Amino acid sequence: MSEVNTDPRPGGWTRFVTARPRLSLLVALVITALAVFAGSGVADRLGNGGWEDPNAESTYATKALEREFPASQPNFLLLVDSGSRSVDDPAVVAEGKRLTDRLEAEKGIVGVGSYWRTGSPTLRAEDSREGLIAARIEGDETAAFKTLDRIAPEFRGEQGTLKVSIGGPVAVRSEMQSTIQEDLLRAELIALPVTLVLLVMVFGSAVAALLPLGLGIVAILGTNAVLRGLTELTDVSVFAQNLTTALGLGLAIDYALFIVRRFREELADGAEVRDAVGTTLRTAGRTVLFSALTVAVSLAAMMVFPQYFLRSFAYAGIAVVLLAAAAALILLPAALMLLGHRVNALDLRKALRRGRAGKPEKKGEEPGAGWGRTAALVMRRAPFFAVATAAGLLLLGAPFLGVKLGTADHRQLPPGADSRVVQEEIQNGFPGSPGGGLEVLTEGAATPAEYADYRTRIAALPGVTRVDGPVPSPSGDHAYFAVTPKGEAVGEGAQRLVKDIRAEPAAFDTSVTGTAAVLVDSKAAIADGLPWALAVIVLVTLLLVFLLTGSVLIPIQAVVLNALSLTAMFGATVWIFQDGHLSGPLGFTATGDIETSLPVLMFCVAFGLSMDYGVFLLSRIKEEYDRSGDHEHAVAFGLRRTGGLITAAAVILAVVMVAIGTSRVTNTKMLGLGLALAVLMDAMVVRSLLVPAVMKLTGKATWWAPGPLRRFHDRFGLSEGESRPAAVEGPAEPPVRDRDTAGV
């Protein structure tokens, strides 16, 4: 059993953050104001791509085609409706050609082609009432959006007797970005007041409730500044803004919740304000820092993947988690120093207690007694609860066995979105969609006979509808074939066809791209990086939990139980978003697959959040075990002291995630709702039932470690300590705390 820290003197960190609390808060206010300035305009600098592997064959081929054959990679489409007339009507032809010439004259537009210029049947609707003008907007995504914003008003709407609508990948991504920005603002307006109500219910005191909320607002403002800084260094996905804002807000509130709770406990025990702050930082503060490290490690694992969609979540997520922890460990102690006992002021539950005046209350029952009884019940029936809970979680995760990985498209947008309507009209009303098939880039000199032989062999492959080309480049060094696959553009058949074409020998160098090829390469990149990401998460988690507990078994339990806590999230993701159950009430269009990168992102974030709550529970169990030496009592004590608080923190974080889940963009909705479910399942099922059951079954062996590792932990471990005398005689009950100041 480890020694308990009995040194009442404040440590260096405590002296640092409490010596000049007013100055600390003033500096924090100035930094927050600078963050508001620094974070302005961040949304306009975020990207909407990043799903593809930048080192993949398909990426190389796409860039080469954009350079050599811009018309082969259109990202901007004008859907021209001729009304009741045919697109071949002479008057319509004349207007269509004038519209094509106008678009070609615009700065930043290349590779313009139209039905009225090329006569291509893929640019003419099957009912002959609509035609397409296809072009490419030059530049990166930011430049493309600026060009789109400039030219869209000039071409959208009535153009003579024609009606023009705007579509294409650039229009879809632009509308998705603006939709996400609007949804994020609405999510914040939903989450903040609901969170305040929940915090008042947790603490009773309005002052205590406002502290975590204030830290959450600081985290939101800081998150925007962090994202803005990262955009100067690397590409950052627009989806990162929603999730990192939710993480910053949720974790800042969670960390503040634990620190304020512990501070109020110390005051209730009669400690002076400075001593209460010192004990809080040495106990709950150290746990907050440790928890932030575990979350950051889970997010850091995404850096092993090449896609900037995932890497940007890693960069931004780590910075935001550390920001939330820093606010909780610097700002909050300074505020608590100034408030002192006034942290319990403005008790909004007095009216409720007056309303209950005269009603008998249970005598001698301390806060958290219900959680203590739950722990006792679970440990009495430990085998049943362990098996039943694990089996139930595995059953909930079963739908994930049928997951189908795909790629995001215009159906991410809500029905009725302008660019989605255009894309669906093109998809349903035209015999082909520009960019919807596969392109085979050839490099090097070749004879017409070699090209003809290669085309014949490609056309003979299973799953090929037609092959067009070769189309030579002006330099003669490049050419490309357009291959139209049977069935869906990204279906299993199209993906097999990509592999078949790549395996086909040729007298020249070939590279295959297209939507299906990008998906094949993205899957390969995820498969290559996944073992490394899992290894990083598991090994570092094992090390950190060992440093916290000094046990060999507890880190293994933590990893396994955390993984079990995620099964419901993955099962629900497939059952709802892939298979389409509840798509009507939730307001999205099921596509029959899940975007390839999302399961990785959801795993890393949810695993980190699960460890967050696991650390808070384990640290309190370890603290009591060091004090008493009684394993079962320590488990019950830890759940009694943290069960209500972890549940409250999980509910608050789930509220934030559900607010994000109200987004009209499907992937953002999936992230928010999926993570909310994972957090609730972890707090209410795994921490409440599975952890005490498993720890009962492992008994005192839970704390075993071989001699060398125990000595390593004694020297380098990060256990919590309290400024109370060590007691080894038995499981003495802790003093009863006043229920009005102790919180949940």
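A residue counts as buried under 20% relative accessible area, as exposed over 50%, and as partly exposed in between. With that in hand, let's walk through this predicted model.

The protein chain has 26 helices and eleven strands. Its radius of gyration is 30 Å, close to the 27 Å that the globule rule gives for 744 residues, so the chain is as compact as a globular protein of that length. Of those 744 residues, 55% count as buried. Among contacts between residues at least 6 apart in sequence, 81% join residues at least 24 apart.

Now to the charged side chains. The structure holds 28 salt bridges, including these three:

| Pair | Closest N to O distance |
|---|---|
| E66 and R136 | 2.7 Å |
| D88 and R124 | 3.3 Å |
| E265 and R261 | 2.7 Å |

E66 sits in helix α3 and R136 in strand β3, 70 residues apart. E66 is partly exposed at 30% relative accessible area, whereas R136 is buried at 14%.

D88 pairs with R124. D88 lies in the loop between β1 and α4, and R124 in the loop between α5 and β3, so the pair ties together parts that are 36 residues apart in sequence. R124 has 25% relative accessibility and therefore counts as partly exposed; D88, at 37%, is partly exposed too.

E265 and R261 are four residues apart in helix α9, which separates them by about one helical turn. Both are buried. Salt bridges that share partners join R261, R262, E265, E266, R620 and E623 into one network.

How values were computed: Residues are numbered from 1 along each chain as its sequence is written. This is a predicted model: local features need pLDDT of at least 70, side-chain atom pairs count only at pLDDT 80 or more; totals for chains, interfaces and linings use all residues. Side-chain values use heavy atoms; hydrogens and water are left out. Helices (H or I, at least four residues) and strands (E, at least two) are DSSP runs, numbered from the N terminus. The radius of gyration is taken over C-alpha atoms; the globule rule is 2.2 Å times the number of residues to the power 0.38. Buried means under 20% relative accessible area, exposed over 50%, partly exposed in between (1.4 Å probe, protein chains only). Contact means heavy atoms within 4.5 Å. A salt bridge is a side-chain nitrogen of Lys or Arg within 4 Å of a carboxyl oxygen of Asp or Glu.
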